[in-house]
Amino acid sequence: MLAESGDYKKTREEWEKLIATQSGSRETYLETATLYWDYFQYDDALRTFTAMREKFGDTDLYAFETGAINEALHNLPGAIGEYVKALDSREGQEQKEKAKQRLV
């Protein structure tokens with residue numbers, strides 16, 4: 001409800017609690033980043049993915065999603081770099097195919 005009302009400061013405080021209580025789960029980071037992404041809080045979404053990558057020591061995690069957010073921010077060099085990472089990631093064939101399509 002906070003996000004729907006546009007109170008992103010309070011929303012951020014609540015969503016960050018998700019990570020704090022379940023920081024051992026990659027899915028929690030993905031869900032939190034997706035919430036930010038859905039409400040056009042792209043910088044917070046990228047920050048969440050960056051924190052997850054640092055925590056798990058894997059700079060390729062969710063490369064396709066990170067590329068898409070960079071693309072939404074019109075950061076094409078950043079998007080291309082992430083899409084290229086997605087081609088070699090362990091995230092699955094679907095992500096690789098999506099990355100190929102975006103690169104084309």
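Is R53 buried or exposed? Let's work that out first, then go around the rest of this predicted model.

**Exercise 1. Classify R53 and its salt-bridge partner.**

Task: find the partner of R53, then decide how covered each of the two residues is.

Solution.
- Step 1: The cut-off for "buried" is under 20% relative accessible area.
- Step 2: R53 comes in at 11% relative accessibility, so R53 counts as buried.
- Step 3: Now the partner. R53 forms a salt bridge with E82, and the closest N and O atoms are 2.6 Å apart.
- Step 4: R53 sits in helix α3 and E82 in helix α5, so this pair ties together parts that are 29 residues apart in sequence.
- Step 5: E82 has a relative accessible area of 9%, so E82 is buried too.

Keep in mind the general idea: side chains of opposite charge can pair when their charged atoms come close.

**Exercise 2. Check the length of helix α5 and find its covered side.**

Task: test whether the span of α5 fits its residue count, then say which of its residues are buried.

Solution.
- Step 1: Helix α5 covers residues 76-88, which is 13 residues.
- Step 2: At 1.5 Å a residue, α5 should span 18 Å; its end C-alpha atoms are 19 Å apart, so the two agree.
- Step 3: The buried residues of α5 are A79, E82, Y83 and A86.
- Step 4: These four cover an arc of only 100° around the axis, which means they lie on the same side of α5.
- Step 5: Turn to the other side of α5 and you find P77 and D88 exposed.
- Step 6: What does the covering? The cover over the buried residues of α5 includes α3 (42-56), α4 (63-72) and α6 (93-103).
- Step 7: Look at the start of α5 as well, where a side-chain oxygen of N75 gets to within 2.9 Å of the backbone nitrogen of G78.

**Exercise 3. Compare two more salt bridges.**

Task: the count comes to six salt bridges. Take R102 with E71 and K100 with E97, and say where each pair sits.

Solution.
- Step 1: R102 and E71 meet through their side chains at 2.2 Å, N to O.
- Step 2: That pair links distant parts of the chain, with R102 in helix α6 and E71 in helix α4, 31 residues apart.
- Step 3: R102 has 44% relative accessibility, so R102 counts as partly exposed. E71 has a relative accessible area of 23%, so E71 is partly exposed as well.
- Step 4: K100 pairs with E97, and here the closest N and O atoms are 3.4 Å apart.
- Step 5: Both K100 and E97 lie in helix α6, three residues apart, about one turn of the helix.
- Step 6: K100, at 43% relative accessibility, counts as partly exposed; E97, at 35%, is partly exposed too.
- Step 7: Finally, salt bridges that share partners join R53, E82 and K85 into one network.

**Exercise 4. Look into the loops.**

Task: locate Y62, H74 and D58, and describe each one.

Solution.
- Step 1: Y62 is in the loop between α3 and α4. Its phi is positive, about 50°, although Y62 is not a glycine.
- Step 2: Y62 has 9% relative accessibility, so Y62 counts as buried.
- Step 3: H74 is in the loop between α4 and α5. H74 also has a positive phi, about 65°, and is not a glycine.
- Step 4: With a relative accessible area of 70%, H74 is exposed.
- Step 5: D58 lies in the loop between α3 and α4, and at 11% relative accessible area D58 is buried.
- Step 6: Set aside its neighbours within four places in sequence, and D58 is in contact with R53 and R90.

**Exercise 5. Sum up the whole chain.**

Task: how many helices and strands does the protein chain have, and what share of its residues is buried?

Solution.
- Step 1: The protein chain has six helices and zero strands, so-called α-α-α-α-α-α from the N terminus on.
- Step 2: Of the 104 residues in the protein chain, 35% are buried.
- Step 3: Take the contacts with a separation of 6 or more: 41% of them are between residues 24 or more positions apart.
- Step 4: The protein chain exposes about 6300 Å², and carbon and sulfur atoms supply 52% of that area.

Terms used:
Residues are numbered from 1 along each chain as its sequence is written. This is a predicted model: local features need pLDDT of at least 70, side-chain atom pairs count only at pLDDT 80 or more; totals for chains, interfaces and linings use all residues. Side-chain values use heavy atoms; hydrogens and water are left out. Helices (H or I, at least four residues) and strands (E, at least two) are DSSP runs, numbered from the N terminus. The expected span of a helix is 1.5 Å times one less than its number of residues. Buried means under 20% relative accessible area, exposed over 50%, partly exposed in between (1.4 Å probe, protein chains only). The arc is that of the directions from the helix axis to the C-beta atoms. Contact means heavy atoms within 4.5 Å. A polar contact is a pair of N or O atoms within 3.5 Å; within protein, one must be able to donate a hydrogen and the other to accept it, and residues adjacent in sequence count only if both atoms are side-chain atoms. A salt bridge is a side-chain nitrogen of Lys or Arg within 4 Å of a carboxyl oxygen of Asp or Glu. Accessible areas come from the Shrake-Rupley method with a 1.4 Å probe; for residues, only the protein chains shown count as cover.
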